[in-house]
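New to this one? Here is a quick tour of how a few of its helices sit together, and of a pocket beside them. Take a look first, then read on.

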Amino acid sequence: MAMDVLTQSVEVQQLADQLRADLDLLRGTPLRIGTVLEQLRQQVLQAEVNGQGRLTPAGLQEQTDAMRSRALQQLDRLQEQAQAAKARVEVALAEAERRRDGDPTAELLREFRQWRAWERIRPLLDKTERTMLLPRIQDLAQRAAQDGDDVTLAALEAELPAYLEVQGLASSVPQVLAAITQARLPHLPPAARKAISVRQELAAGWPRLMAAFQMARVEASGQGGPTAALPGWRPTEQVTF
């Protein structure tokens, strides 16, 4: 038992070390986007001040267009770096999951148990009225979590998206899966919990980062005025000017 705990601790640390640089890059990218915009604003303002009485409107426009073009190129490079970092994180998580699965025979046994669990659950759901389906799923997940039955939770996680789509409840899938994932966490190995935590962070942070890039490009291209704030990586963060 002590060796298992030590092994799990080492696995978690290895995964954290492998992900750290790329996660730090992603978390810090909104601030880097803000820096590009801040520098562009200063350059444009300086050009306007220096160009008074020296440059024609067309000459000033040409100068600021060049500045905006350079800023857009900087944003392109930042986004390429962010996309590469996200891809590396996803590869690292997939590799960690493959290592966790380990023995192919054990993996097949796990899949068989999940199939058995779903074959037991599905008739119960089929007999449930559509309006009561989500509460019934919640009840099944809560019971499985209380019993420490990760096989049932894993079966629900794997099979419910397709099942709910057939039932016309596809819009409920993200909420249902999030609840099941949270219910599974206490029963998973530490490395698996770390992987889930990172996936959740990516799912929340990546759309915010893409929104920050979009807002920055609108300003940098001159299609919109200065923005007061950009979304940060986390929901509680923003980059203000």
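H3 and H5 lie oblique to each other, because an angle that is neither under 35 degrees, over 145, nor from 65 to 115 counts that way. Their angle is about 60°, and their axes are 9 Å apart. Bear in mind that this is a predicted model. The points below go through three helix pairs and then the second largest pocket.

**H3 with H5**
- The crossing of H3 past H5 is right-handed.
- On the H3 side, the residues that meet H5 are Arg113, Gln114, Ala117, Trp118, Arg120, Ile121, Arg122, Leu125 and Asp126.
- On the H5 side, their partners are Val151, Thr152, Ala154, Ala155, Leu156, Glu159, Leu160 and Tyr163.
- Sorted by class, this contact has 10 nonpolar, 2 polar and 5 charged residues.

**H3 with H4**
- H3 covers residues 104-126, and its axis comes within 10 Å of the axis of H4, crossing at roughly 150°.
- That angle makes the two helices, H3 and H4, roughly antiparallel.
- Here the crossing is right-handed.
- Ile121, Leu124 and Leu125 come from H3, and they meet Leu133, Arg136, Ile137 and Leu140 of H4.
- This contact splits into 6 nonpolar residues, no polar ones and 1 charged.

**H4 with H5**
- H5 spans residues 150-166, and the axes of H4 and H5 come within 10 Å while crossing at roughly 165°.
- So H4 runs roughly antiparallel to H5.
- This crossing is left-handed.
- H4 brings Leu133, Leu134, Ile137, Ala141, Ala144 and Ala145 to the meeting, and H5 brings Thr152, Leu153, Leu156, Leu160, Tyr163 and Leu164.
- By class, that gives 11 nonpolar residues, 1 polar and no charged.

**Residues to look for in H4**
- Ile137 is worth finding on screen: it meets H3, it meets H5, and it also lines the second largest pocket.
- Leu133 is part of the contact with H3 and of the contact with H5.
- Leu134 and Ala141 take part in the contact with H5 and also line the second largest pocket.

**The second largest pocket**
- This pocket holds about 230 Å³ of space.
- Its lining is made of Leu134, Ile137, Gln138, Ala141, Gln142, Ser172, Gln175, Val176, Ala179, Ile180 and Ala183.
- Two elements give two or more residues to that lining: helix H4 (133-146) and helix H6 (173-184).
- Of the lining residues, 7 are nonpolar, 4 are polar and none are charged.

Key
Residues are numbered from 1 along each chain as its sequence is written. This is a predicted model: local features need pLDDT of at least 70, side-chain atom pairs count only at pLDDT 80 or more; totals for chains, interfaces and linings use all residues. Side-chain values use heavy atoms; hydrogens and water are left out. On a 1 Å grid over the protein atoms alone, a cavity is a set of points where a 1.4 Å probe fits but cannot get out, and a pocket is an open set with protein on both sides within 12 Å along at least five of seven lines; lining residues have an atom within 4 Å of a point. Grid points are joined across faces, edges and corners, and a volume is the space filled by probe spheres set on the points. Helices (H or I, at least four residues) and strands (E, at least two) are DSSP runs, numbered from the N terminus. Ala, Val, Leu, Ile, Met, Phe, Trp, Tyr, Cys and Pro count as nonpolar, Asp, Glu, Lys and Arg as charged, and the others, Gly among them, as polar. Axes are lines fitted to C-alpha atoms, for helices over the stretch in contact, and angles run from 0 to 180 degrees between N-to-C directions. A crossing is left-handed if the near helix is turned anticlockwise from the far one by less than a right angle, and right-handed if clockwise. Contact means heavy atoms within 4.5 Å.
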